[in-house]
Amino acid sequence: MSGPFQQNVTVNLAQGLHMIPCSRIAQLARETDCEVKVIRDEQVADARNILDLLMLKAEVGTALVVQS
């Protein structure tokens with residue numbers, strides 16, 4: 001079993017994380033056996049939940065942390 005994963009990322013989509021990329025992220029997260037979180041500042045989103053991801057309001061240039 002692998003150890004924990006953490007990656008800092010910056011949103012580079014001109015429209016930010018809108019419905020389509022959030023849907024794709026959620027789809028990919030549901031394909032894993034582990035819990036995946038996306039964090040913006042103090043706000044934590046379950047990557048399997050599209051609404052959680054949209055609530056991050058991640059615009060272009062937003063710094064996020066992906067954890068699993």
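Lys57 lies in the loop that joins α2 to β4, and in this predicted model its phi is positive, near 50 degrees, although the residue is not a glycine. Most residues other than glycine have a negative phi. Lys57 counts as exposed because its relative accessibility is 60%, which is over the 50% that marks the lower limit of that class. A second residue with a positive phi is Asp41, which is likewise not a glycine and has a value of about 55 degrees. Asp41 belongs to the loop between β2 and β3 (43–46), and its relative accessibility of 66% places it among the exposed residues.

Strand β2, which spans residues 37–40, contains Ile39. In contrast to the exposed Asp41, Ile39 is buried, because its relative accessibility is 15% and the limit for a buried residue is under 20%. When the neighbours within four places in sequence are left aside, the contacts of Ile39 are with Val44, Ala63, Leu64, Val65 and Gln67. Two of the elements already introduced appear among these partners, since Val44 falls within the range 43–46 given for β3, while β4 covers residues 63–67. Leu51 stands 12 residues from Ile39 along the chain, and the C-alpha atoms of this pair are separated by 14 Å.

Helix α1 is formed by residues 19–30, and the distance from the first C-alpha of its 12 residues to the last is 16 Å, close to the 16 Å that is expected at 1.5 Å a residue. Within this helix, Pro21, Cys22, Ala26 and Ala29 are buried. These four residues lie on the same side of α1 because the arc that they cover around the axis is only 135 degrees. The packing partner of the buried residues of α1 is helix α2, which comprises residues 50–54. Another residue of helix α1 is Leu28, which is partly exposed, with a relative accessible area of 39%. Leu28 and Arg48 are separated by 20 residues in sequence, whereas the distance between their C-alpha atoms is 7.9 Å.

Beyond the helix, the loop between α1 and β2 holds Cys34. This cysteine is classed as partly exposed because its relative accessibility is 35%, a value that lies between the 20% limit for buried residues and the 50% limit for exposed ones. Apart from neighbours within four places in sequence, Cys34 is in contact with Arg48 and Ser68. Cys34 and Ala45, which are 11 residues apart in sequence, have C-alpha atoms that are 14 Å apart in space.

The space left between the elements was also examined. Rolling a probe the size of a water molecule over the atoms shows where empty space is left. The largest pocket holds about 250 Å³ of space, and it is lined by 16 residues, of which Val9, Leu17, Ile25, Val38 and Val66 are the closest to its centre. At least two residues of this lining are supplied by each of β1 (6–10), α1 and β4 (63–67), and the largest share, 3 residues, comes from α1. In terms of chemical character, the lining of the largest pocket consists of 13 nonpolar and 3 polar residues, with no charged residue among them. Helix α1 therefore appears in two settings, since its buried residues pack against α2 and α1 also gives the largest share of the pocket lining, with one side of the helix carrying the four buried residues because of their arc of only 135 degrees.

Notes
Residues numbered from 1 in each chain as written. Predicted model: local features only at pLDDT ≥ 70, side-chain atom pairs only at ≥ 80, totals over all residues. Heavy atoms only, no water. Expected span 1.5 Å × (residues − 1). Buried < 20%, exposed > 50% of the residue type's maximum accessible area, 1.4 Å probe, protein only. Arc of directions from axis to C-beta. Contact = heavy atoms within 4.5 Å. 1 Å grid on protein atoms, 1.4 Å probe; cavity = no way out; pocket = protein on both sides within 12 Å on 5 of 7 lines; lining within 4 Å. Points joined across faces, edges and corners; volume = space filled by probe spheres on them. Nonpolar A, V, L, I, M, F, W, Y, C, P; charged D, E, K, R; others polar.
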